[in-house]
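Reader: I'd like to learn how to read enclosed spaces and ring contacts in a model. Could you walk me through them?

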Amino acid sequence: MELSLLLMTVFFAATLQAATGFGFGLIGVSFLLILLQSNSAVQIVIILTLAMSLVHWVKIRKIAPMDLVKKIMLGCVLGYPIGIIIFSNFDLTALKVSVALLILAITVQTILEMIKSHKGHETTPASMGKGSCFGVGTMSGVMASAMAMPGPVVVAYLTRSVLSKDQIRATVITCSTLSYIVALGLQASVVGIETQTLKTSMMLIPATFIGAFFGDYIAKFINPNLFKKITLVVLFGSGINILINI
């Protein structure tokens, strides 16, 4: 029964990741922590998402605005070591509460912006300046190495930008791919990865790629408005799910 739930979880998470550019960490970590009752869930998600992200990045790398990616990744450089320190030494329950509250706060802010736009009020696009991107990147880097979740902060930030759906998706996948490479290296060198964690990851890779291919297929049918609604639903649901299952 546990294996079936694991396979279903990574399939759904991979489908969402491929279709929207994010979501595997949110869904994967939230549910695998519950199913496995172990911090190894974070490492498994890093391994699976890295494998999937590399495949997607090869296909979409030319779409991503690289100037923006560079500004975000500069912030990530600061966030990575902070995240691995948190993973190694801090109470993960407190970390999960912080992540959940952050996700919910970002979601509420984005919903309010959408309501203002729907009512005809002028909305202010998210700033693409170095300072804003650096701050977003730092938080993304922290969440990457601590919780295998580099995407939510970047998605919530870019959803309020003037970028197209494809540019947002490409930017998130590019940043996440780089983040997972660094996060896996830090986990292996600082924390260590057990053999059982590697075996479980290898067992779940087929379901991950099947979900990724399915997500790629349905991505072409998702228009920009639906894309934003999906991201909001996933962000809000994931935040609530983390709080419920602490």
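Reader: Which residues line the second largest cavity?

Author: Happily, the list is short enough to give in full: Met52, Val55, His56, Lys59, Phe209, Ala212, Phe213 and Asp216 line the second largest cavity. On a 1 Å grid over the protein atoms alone, a cavity is a set of points where a 1.4 Å probe fits but cannot get out, and lining residues have an atom within 4 Å of a point. This is a predicted model, in which local features need pLDDT of at least 70 and side-chain atom pairs count only at pLDDT 80 or more, while totals for chains, interfaces and linings use all residues. Residues are numbered from 1 along each chain as its sequence is written, and side-chain values use heavy atoms, with hydrogens and water left out.

Reader: Which helices each supply at least two residues of that lining?

Author: Helix H3 (40–60) and helix H9 (195–219) do; helices here are DSSP runs (H or I, at least four residues), numbered from the N terminus. By class, the lining has 5 nonpolar, 1 polar and 2 charged residues. Ala, Val, Leu, Ile, Met, Phe, Trp, Tyr, Cys and Pro count as nonpolar, Asp, Glu, Lys and Arg as charged, and the others, Gly among them, as polar.

Reader: How are such spaces found, and how many cavities are there in the whole structure?

Author: Rolling a probe the size of a water molecule over the atoms shows where empty space is left. Here the search finds 2 cavities of 30 Å³ or more. The largest has a volume of about 60 Å³, and 14 residues line it, the closest to its centre being Gln17, Gly23, Gly25, Gly151 and Tyr180. Helix H2 (24–36), helix H7 (151–159) and helix H8 (165–191) give two or more residues to this lining, which has 8 nonpolar, 6 polar and no charged residues. For the second largest cavity, the volume is about 30 Å³. A volume is the space filled by probe spheres set on the points, which are joined across faces, edges and corners.

Reader: And ring contacts: how many aromatic pairs does the structure hold?

Author: Rings of Phe, Tyr and Trp (its six-membered ring) pair if their centres lie within 6.5 Å; planes under 30 degrees apart count as stacked, over 60 as edge-to-face and the rest as tilted. The structure holds 1 aromatic pair: phenylalanine 11 and phenylalanine 214 are stacked, at 6.2 Å centre to centre with 25° between the planes. Phenylalanine 11 belongs to helix H1 (residues 2–20) and phenylalanine 214 to helix H9, 203 residues apart.

How values were computed. 1 Å grid on protein atoms, 1.4 Å probe; cavity = no way out; pocket = protein on both sides within 12 Å on 5 of 7 lines; lining within 4 Å.
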